[in-house]
Amino acid sequence: MNRDASYDAVIVGAGVAGALIAKRLTGAGMRVLVLEAGPGTSRSLDGYTQHLETFYAATAKSPESPWPPAVGAPQPDTTSLRNNDGYFVQRGPNLYGSSYTRLWGGSTLHWLGVSLRMLPEDFRMRSRHGVARDWPLDYTALAPYYEKAEREIGVSADVADQHYLGLSFSEGYDYPMRRIPPSYSDRVLGAAVDGMPVTMGDEEIAIRVRSYPAARNSIPRGDYQPVGAVDIGPEGRSGTSNLGERCQGNTSCTPICPVQAKYNAGKSMAQADQRLLTVQVQAVASKVRIDPVTGDVQGIEYKRYEDVGSPVHTTHLATGRVYILAAHATENAKLMLASGLEGPRGQVGRTLMDHPALYAWGMAPLDVGAYRGPQSTSGIEDLRGGAFRARHASFRFDIGNDGWRATTGAPDTAVADAVMKRNLFGPALRAQLETTLPRHVRLSLAVEQLPDPDNRISIDPNYLDAFGNPRPVIDYRIDDYTLAGMAAASDVARAVFRRAGITDCSDPDKGSWFPSAFYQGREFRYHGMGHFAGTHAMGDDPSGSVVNADQRAWEHSNLFLVGSGSFPTMGTSNPTLTLAALALRTADRLVATLAE
Amino acid sequence: MITEQNLVTDENRLERFLAFSAEVTAFTVFELQGTGQAEAYLKTIGDVVGAALLDEILTVHGKQMSTTGDEGRPARNAYLRREIFGSEKLGPIARNIVKLWYSGVWYELPTAWTENYGPAPKDVTFVVSPASYVEGLLWTAIGAHPAGAKAPGYGSWAAAPRIPRFAGDPAHLPAAADEEPARLPA
C-alpha cells in the first residue's frame with residue numbers, strides 16, 4: 001500500500017460540508033487533503049460545459065443525467081430507484097426515494113438551492129411537541145453560523161420576508177443578496193391565496209405565498225461580491241469567473257445550472273488556499289483504520305482509479321492529525337460500517353430520514369408563465385410549525401415555476417401526447433401547446449419525517465460494488481406520523497387549488513412513476529427530496545448519538561462526521577444550509593483544536 | 001402521380017422538407033432555418049427510415065402546394081390528414097418529423113409500423129444532438145426557453161409570459177398586419 005504524506009486534516013468528500021471545512025482550515029494555515037470518490041470533471045469551465053452538453057443530449061433529463069457515475073463510485077439514480085435495481089439494496093417496506101451524486105462538487109451540482117433555516121422549534125421536538133428528540137444545540141447557538149453559511153454559499157433573500165414561526169435574525173442583519181424576484185406565477189397564486197385560513201387541529205393558520213431564501217446569485221447588498229462559475233485549470237489556474245454572478249433564469253437549477261449562478265461546493269473549493277490544499281479525485285475511501293487501544297483514527301484507506309469505466313484500482317493510505325468524513329449521510333455511515341465502526345449502541349446508519357414528498361399539479365384558469373425562471377422561487381412555509389406537530393408531521397410547499405416537468409415529463413411529453421393521441425399538427429398543435437402549457441402549476445408537498453432506529457443504512461457482504469466496497473442496504477418505513485402529515489398536506493393543496501380556481505390534474509397514473517404508501521384508505525405516491533439525514537446523529541451523550549454537538553465522534557477523538565447525517569431531527573427545511581452552518585461551526589472547533 | 005415538377009431531387013429535397021415542415025409545425029421556413037437543424041433532421045430521417053420514405057411524403061405534400069395562404073389552410077390540412085397523417089405508412093414518419101422539430105428528439109416508431117415497413121435498426125428514441133434539444137420549437141411556442149439554455153435574463157420570469165403569435169393561430173387570429181413579417185424570398 002502506498003502511504004501519502006501526512007496532512008493536518010484529511011477530508012473525505014468534496015461536497016458542500018467538506019469544501020467549507022477545507023476552505024476554513026486552509027485559510028487558517030492548515031494543510032488539507034480532500035479525497036473525492038468521483039471524477040473532478042466539474043473543476044474547469046470546459047469540463048463543466050461538457051456536463052451541460054451531456055444533459056442536453058440525455059433522453060431522460062433526470063437529476064443525475066448530466067453527472068454519470070464512475071464504475072468505482074456508483075450512485076443511486078432516479079430510474080434505478082423506480083426499478084429498484086440500482087446501487088441501493090432496498091429491503092422496504094417502503095422504498096427510499098432519493099438520489100445523490102458522487103463527483104467533485106457533490107450533490108450541490110444538482111440541488112435546487114433552497115436555503116431555509118430550521119425553525120427554533122425544530123431543534124426542540126421532544127421538549128416542545130413531545131415527539132422524537134432534541135438537538136444538543138438550539139437555534140440561538142446556530143444562528144451566527146447560519147449567517148456565516150448564508151454568506152459562504154451566497155444566499156439571496158430579504159430578511160423582511162423571513163420573520164415567521166419564531167425565526168429571528170441579529171439586529172440589522174440582511175442576506176448578502178436581495179431576494180430572487182418572485183415569478184409571475186408566484187404573484188398570480190399569491191393574489192389568490194394570501195391570507196387563506198387553514199385549520200390544523202385546534203389551530204387556524206393563515207397561509208401565504210412567500211419568497212424563500214435561495215443560494216442563487218442576485219443583486220448584492222453592501223460589499224458582498226457574488227461568486228461566479230468555477231474554473232480550476234489543469235495548469236494550476238484556480239478561481240472563479242464572472243460568468244454566473246447573476247441568475248439568468250435558465251429554469252434548470254436541477255439538474256445543472258449552466259452558468260453556476262447557483263451555489264455548488266466547487267465554489268468553496270476554488271476559494272480555499274490552493275497552496276495548502278491537495279485534492280485527490282477518483283479516490284474512494286474504503287476503510288477508516290483505528291488504533292485498537294486509543295480508538296483514534298490512524299489513517300484512511302482509499303482506492304484510486306485512473307479509468308472511470310474500469311474496476312481497476314490501487315489502494316493507498318492517507319494520514320493526518322484529524323479526519324473528517326464529509327462523504328454524504330449514506331456514504332459516511334457506509335464507510336464507518338465497512339470499517340467495523342458501528343458507533344455507540346450500534347447507532348451508525350440508524351434513524352435515516354428524508355422528506356417524503358407528494359406532487360400536486362393543476363391547470364390555472366389563465367397563463368401563469370410556466371417553464372420560466374428558477375425552478376421555484378416561493379413556497380408556503382406557514383405549516384412548517386405549530387402545535388399540531390404533537391400529532392402529525394409538518395410540511396412545506398414548494399411552488400414550481402417549471403410546470404409539470406417533474407410530475408409528467410412535460411413539456412416534451414405534452415408534445416408527444418398532442419401529436420400521438422390528439423393527432424394534432426400545424427396550427428392546431430401549436431395552439432394546443434400555447435393555450436395549455438403556460439397554465440401548468442405544480443406544488444411539491446415535502447413532509448417531515450421523524451427519526452426511527454429501524455430506518456437505517458447497513459451493509460451486507462453479499463452486496464458489493466465493482467471495487468468490492470459495500471453497497472448501502474436500506475430499511476425504510478414511512479410511519480403514521482408522516483402519513484398523517486401527507487394527508488393534511490394533500491388536503492391543503494386541494495384547498496389552495498380550489499381557492500385559486502386551478503383545475504386539479506394530479507393523477508399519479510398519468511405522471512411519472514412513484515412508489516405508493518397507504519394511510520386510512522388513501523394512497524399517496526411519494527418521492528424523495530434528496531434529503532438524506534440522521535445516520536450519525538449528534539446528541540448530548542453517547543447513549544443516544546454518534547457524534548457530539550461539534551460533530552466529533554464520541555468513540556474516536558480525532559474523527560469528525562459532518563453533514564446532514566448529524567441531524568437528530570430535520571424539520572421541514574432543505575438540509576444544505578443547516579449542514580453548512582454546522583460544518584462552519586465544526587471548522588471553527590477544528591481550527592482551535594489543530595492550533596493546540 | 002409524380003410529375004416532373006413535383007419530383008424530389010437531391011437539389012430540392014432540403015427546400016421541400018422545409019416547406020413540408022413549415023406546414024406541419026406552424027413555424028415559418030425562416031424560423032425553421034434559424035434553428036440550424038434542418039440538415040441534421042434530414043440526415044436523421046434518412047439514417048433511420050431511409051430517404052425514399054421521406055421523398056414519398058414530400059411528393060404527396062407537393063401535390064397540394066397550389067393552395068396557399070390562410071384561406072387554403074383547411075383544404076390543405078384535410079389533404080395532409082387524409083394522405084399523410086392518416087396513412088399507416090407515412091403517418092408515423094410525419095408525426096416523428098413534427099416531434100423532431102418541436103423537441104429535437106427522434107422517437108422510436110410504433111411497433112406496428114416497424115413490423116410492416118421495417119426493419120429499422122437505428123430506430124430508437126434519441127436526442128439528435130445537444131443543439132437539437134436547445135433548438136426545439138416547443139419552447140418558443142409556449143413563450144418559454146429550453147430548460148438549461150437560452151436564458152432570458154435576470155428577473156425576466158417576474159413578467160407575464162409573451163406567447164408569440166403565428167399565422168393560422170386559432171387562439172389569436174391575426175389581423176392582416178400581423179402576418180409573418182419575415183419570409184424567405186421565393
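## A tour from V71(A) to the A–B interface

Start at V71(A). It sits in the loop that joins helix 2 to helix 3 (78-83) of chain A. Bear in mind that this model is predicted.

Show the surface there. V71(A) is partly exposed, because its relative accessible area of 32% falls between the 20% and 50% limits.

Next, select what surrounds this residue. Leaving out residues up to four places away in sequence, V71(A) touches V308(A), G309(A), S310(A), P311(A) and A466(A). Then add Y305(A). Along the chain, Y305(A) and V71(A) are 234 residues apart. In space, their C-alpha atoms are separated by 9.6 Å.

Now zoom out and colour by chain. Select the contact between chain A and chain B: 54 residues come from chain A and 55 residues from chain B. The area buried between the two chains is about 4200 Å². Carbon and sulfur atoms give 68% of that area.

Hide chain B and look at the side of chain A that touches it. Four elements give two or more residues to this side: helix 2 (45-57), helix 6 (184-193), helix 10 (412-420) and helix 11 (426-436) of chain A. Which of them gives the largest share? Select helix 11 of chain A, which supplies eight residues.

Colour this side by residue class. It has 28 nonpolar, 15 polar and 11 charged residues.

Bring chain B back for the last stop, the pairs across the interface. Between chain A and chain B, 14 residue pairs are in polar contact, both residues being at pLDDT 80 or more. How many salt bridges does the rule find across this interface? The count is zero.

Methods. Residues numbered from 1 in each chain as written. Chains lettered and ligands numbered in written order. Predicted model: local features only at pLDDT ≥ 70, side-chain atom pairs only at ≥ 80, totals over all residues. Heavy atoms only, no water. Contact = heavy atoms within 4.5 Å. Buried area = accessible area lost by both parts, 1.4 Å probe. Salt bridge = Lys/Arg side-chain N within 4 Å of Asp/Glu carboxyl O. Polar contact = N/O pair within 3.5 Å; in protein donor to acceptor, adjacent residues only side chain to side chain. Nonpolar A, V, L, I, M, F, W, Y, C, P; charged D, E, K, R; others polar. Buried < 20%, exposed > 50% of the residue type's maximum accessible area, 1.4 Å probe, protein only.
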